Amino acid sequence: MNIREFQQMIRDIYFHRDSQRGLERTFLWFVEEVGELSEALRKGKKEDIEEEFADVFAWLVSLANLAGVDLEKAALKKYPNKCPYCGKNPCECKKE
């Protein structure tokens with residue numbers, strides 16, 4: 001499954017609820033999931049970390065659906081197999 005297919009699957013399952021909730025409230029759910037990922041990373045339990053990464057990704061594509069963004073297309077446009085800043089692969093930027 002590619003990102004576009006995953007985004008469509010999440011849209012099929014959740015768009016009706018996400019659109020009722022709206023972009024701002026859905027964003028708050030996303031931020032909450034990022035906090036749960038942070039806690040899971042801190043605790044270091046792999047199973048919980050994997051679950052929270054999946055939740056964050058699902059909420060991110062829900063937000064993209066509400067905003068009308070094709071996440072796969074946007075990601076590949078910004079990151080076309082090279083660093084968008086130095087143009088190299090691997091990145092040679094001095095930034096952190």
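These legends accompany several views of a predicted model.

**View 1. The whole chain, an all-in-a-row series of helices following the pattern α-α-α-α.**
Welcome to the overview: the chain has 4 helices and 0 strands. Its C-alpha trace spans about 45 × 35 × 25 Å along the principal axes. Of the 96 residues, 25% count as buried. Among contacts between residues at least 6 apart in sequence, 57% join residues at least 24 apart. The accessible surface comes to about 7,300 Å², with 55% of this area belonging to carbon and sulfur atoms. The chain carries 16 positive and 18 negative charges, and the mean positions of these two groups are 8 Å apart.

**View 2. The span that carries a UniProt domain annotation, residues 24-86.**
An unreviewed UniProt entry places the feature "domain: NTP pyrophosphohydrolase MazG-like" here. In the model, this span is 79% helix and 0% strand, and its end C-alpha atoms lie 34 Å apart.

**View 3. Arg4 and Glu72, joined by a salt bridge.**
Take a look at the N to O distance of 3.4 Å between these two side chains. Arg4 belongs to helix 1 (residues 3-21) and Glu72 to helix 4 (residues 71-78), so the pair ties together parts that are 68 residues apart in sequence. Arg4 is partly exposed, at 39% relative accessible area, while Glu72 counts as buried at 15%. Asp70 joins in too, as Arg4, Asp70 and Glu72 are linked in a network of salt bridges. The count of salt bridges comes to 6.

**View 4. Glu39 and Lys43, a salt bridge within helix 2.**
Here the N to O distance is 2.9 Å. The two residues sit 4 residues apart, about one turn of the helix. Glu39 is partly exposed with 36% relative accessibility, and Lys43 is exposed with 58%.

**View 5. Lys46 and Glu50, a salt bridge within helix 3.**
The side chains meet at 3.4 Å, N to O. Helix 3 covers residues 46-67, and about one helical turn separates the partners, which are 4 residues apart. Lys46 is exposed at 59% relative accessible area; Glu50 counts as partly exposed at 46%.

**View 6. Glu33, a buried acidic side chain without a salt bridge.**
Which residues surround Glu33, neighbours within four places in sequence aside? Glu33 is in contact with Glu52, Asp55, Val56 and Trp59. Glu33 itself is placed in helix 2 (residues 23-43). The nearest side chain of opposite charge is that of Arg21, 10 Å away.

How values were computed
Residues numbered from 1 in each chain as written. Predicted model: local features only at pLDDT ≥ 70, side-chain atom pairs only at ≥ 80, totals over all residues. Heavy atoms only, no water. UniProt positions renumbered as here; feature names shortened; annotations may be inferred. Buried < 20%, exposed > 50% of the residue type's maximum accessible area, 1.4 Å probe, protein only. Contact = heavy atoms within 4.5 Å. Areas by Shrake-Rupley, 256 points an atom, 1.4 Å probe, with all protein chains shown as cover. Lys, Arg positive; Asp, Glu negative; His and termini not counted. Charge placed at Lys NZ, Arg CZ, Asp CG, Glu CD. Salt bridge = Lys/Arg side-chain N within 4 Å of Asp/Glu carboxyl O.
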